[in-house]
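Student: I've never read a protein model before. Could you walk me through one, a feature at a time?

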Amino acid sequence: MKFREQGMKAVFLICAASSVVFVFLICLFLFINGIPPMLELGVVNFLTGTNWRPTSTPPSFGLLPMIITSFITTAGALVLGVPVGICTAVFMARVCPKPLYRALKPAIDLLAGIPSVVYGFFGLVIIVPMIRDIFGGRGFSVLAAIVLLSIMILPTVISISEAALRAVPETYYEGALALGSSHIRSAFFVVLPAAKSGILASVVLGMGRALGETMAVVMLAGNQPRIPGSLLEGARSLTANIVLEMAYATDIHRDALVATAIVLFVMILTINLTFSFFIRRGGR
Amino acid sequence: MALVNILRFFKGRKPMDIALTALVWICAAVTFIALLSIIGHILYMGVGHLSPELFELVYTSDNLSMLPAIITTIQITGLALLIAGPLGIFTGIYLVEYASRGSKFVGLIRIMAETLAGIPSIVYGLFGMLFFVIFLGFGFSIIAGVLTLSIMILPLIMRTTEEALKSVPDSYREGSYGLGAGKLRTVFRIALPSAAPGILAGIILATGRIVGETAALLFTAGSVPRIPENLSDSARTLAVHMYALSSEGLHTSQAYATAVVLLVTVIFLNAVSRLIAKRFTKG
């Protein structure tokens, strides 16, 4: 009996340790394959080079266009998506009539569950032609990716912000009312600031989702490996760079793609760590 | 004149209040119009394209059947849950029932789980290719895809298990100990059954994530459009099938039909998860 108790405890412990092992394995295999070529090409050259010509002789691997494109699409998606998301969260937490809420809440969960390839397809048949009609050009553009990504981050921003808003003690709201503030002002100027760390969390998670999104961006952004001159030009994100070329890449080319993944991985890790640092400081 | 009427209607309300109220309604409307237009468009355009030849057992470049992809999806989902399910649930049990509160090890596992949850699926795909496909020599195979996906959904199952177990009142456990049950029996007979609906809801969410995954599978399970005969065969899931169809740009109607099947599956899974979670909060 004693043996079984201890045995199962060990099994649970081993399972718990597995996630540590997986993170270790992922880091190990990415770094083993990606760091040597990065050093070989020169870290600075690799990160700041503007030419990505993996198949020409001699090949050149400059990742800067992809880094900039990932940055622009993510920032754009946040600029469009976050205000709408936060306002919708205020609506859901404070304004929405109850019967309407019962219909809308599952809708937001559903928005989070739609596969990214379906989002991408929707963008392909609706957003791309729309941009082509309004602005001219081919339609496959940074702007198309931004519009779609801003929709895709909405459920993350809304559901986490809403939970944060609901976690604010009701006394804050009542206190504001007692001081003569109106319903909507109390929600915006008292409850919303009180929930700011949770809302920041929602933005950071949304950022991670936008930065890491692959299929939807590949299908819409046009994928030219150059620094986009305007939002209407096509460009290629870090994620797209991997997915587009991995199928036929060999040798140094393949390693350069693994290095691309390392850059992406480090960017997301930095965002997450900075964020948890701020949360811990805010919690004190 | 109309403007005067509108102004009269808002008399006594401060302009800021009106503006803010309008703002939240408009933002909410934008969100739900976006959702409705995606679902509405796909269903409206796609249902008409669902033809019997899309469900033939063998894929050819003429019929573009999605049935092999559907079967592959079911197999991969089942296998991935079989691996990640116990692993995630046991981790949750360890974190809630065994580890002492605030221990360093628990902190470490939580950071690792957050890291895993933040890794983009394409990075998982790349890792799966480097580790399972090349290093372990599995080749493009559904087992490589299954193992990659198992790691990907692990943090989700772990977190939902942890939350579900935490919401089981301590008095249940104390009652069990009081009646003479050991730790293990208390975990499996008392804590786990009480937390089961929450865990199940998490597993269904994980199912949805697998069904919709593309980037992590392209370079692990590959994209051969046939029913896999064993674990080392390469095969494509429905989401990969849909990507293949729409990226070729020639098969829009088949892509619409595939999107309908994917969307209906996701809607169904969400509804089931919601139903279970609701029963959970009621009971």
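Tutor: Sure! Let's begin with burial: a residue is buried if 20 or more other C-beta atoms lie within 10 Å of its own, exposed if 12 or fewer, and partly exposed in between. Keep in mind that this is a predicted model.

Student: Okay, let me try a residue. Why does A:E245 count as partly exposed?

Tutor: Because A:E245 has 19 C-beta neighbours inside 10 Å, and the buried class begins at 20.

Student: Where does A:E245 sit, and which residues does A:E245 touch, leaving out those up to four places away in sequence?

Tutor: Look in helix α11 of chain A, which covers residues 238-245. Setting aside residues up to four places away in sequence, A:E245 touches A:P54 and A:L257. You can also compare distances along the chain and through space: A:E245 and A:F22 are 223 residues apart in sequence, and their C-alpha atoms are 26 Å apart.

Student: What about nonpolar residues, how do I think about those?

Tutor: Here's the general idea: in soluble globular proteins, nonpolar side chains tend to be buried together. In this model, the largest nonpolar core has 186 residues, and A:V90, A:A144, A:L148 and A:L220 have the most contacts inside it. Helix α6 of chain A, residues 142-167, gives the most to this core, with 17 residues. Try clicking on A:L148: beyond residues up to four places away in sequence, A:L148 touches A:Y119, A:G123, A:I127, A:A216 and A:L220.

Student: Now chain B. How many helices and strands does chain B have?

Tutor: Chain B has 11 helices and 0 strands. For overall shape, you can check the radius of gyration: chain B has 24 Å, while a compact globule of 283 residues would be near 19 Å. Along its principal axes, the C-alpha trace of chain B spans about 80 × 60 × 30 Å.

Student: And how much of chain B is buried?

Tutor: Buried residues make up 48% of its 283 residues. As for contacts in chain B with a separation of 6 or more, 75% of them join residues 24 or more positions apart.

Student: Last one: how do I read the place where two chains meet?

Tutor: In general, the size of an interface is often given as the accessible area lost when the parts come together. Here we can count residues instead: 66 residues of chain B are in contact with 64 residues of chain A. On chain B's side, helix α2, residues 15-46, gives the most, with 17 residues. By class, that side has 48 nonpolar, 13 polar and 5 charged residues.

Technical notes:
Residues numbered from 1 in each chain as written. Chains lettered and ligands numbered in written order. Predicted model: local features only at pLDDT ≥ 70, side-chain atom pairs only at ≥ 80, totals over all residues. Helix = DSSP H or I, 4+ residues; strand = E, 2+ residues; numbered from the N terminus. Contact = placed C-beta atoms within 7 Å. Rg over C-alpha atoms; globule rule 2.2 N^0.38 Å. Nonpolar A, V, L, I, M, F, W, Y, C, P; charged D, E, K, R; others polar. Core = buried A, V, L, I, M, F, W, Y, C linked by C-beta atoms within 7 Å.
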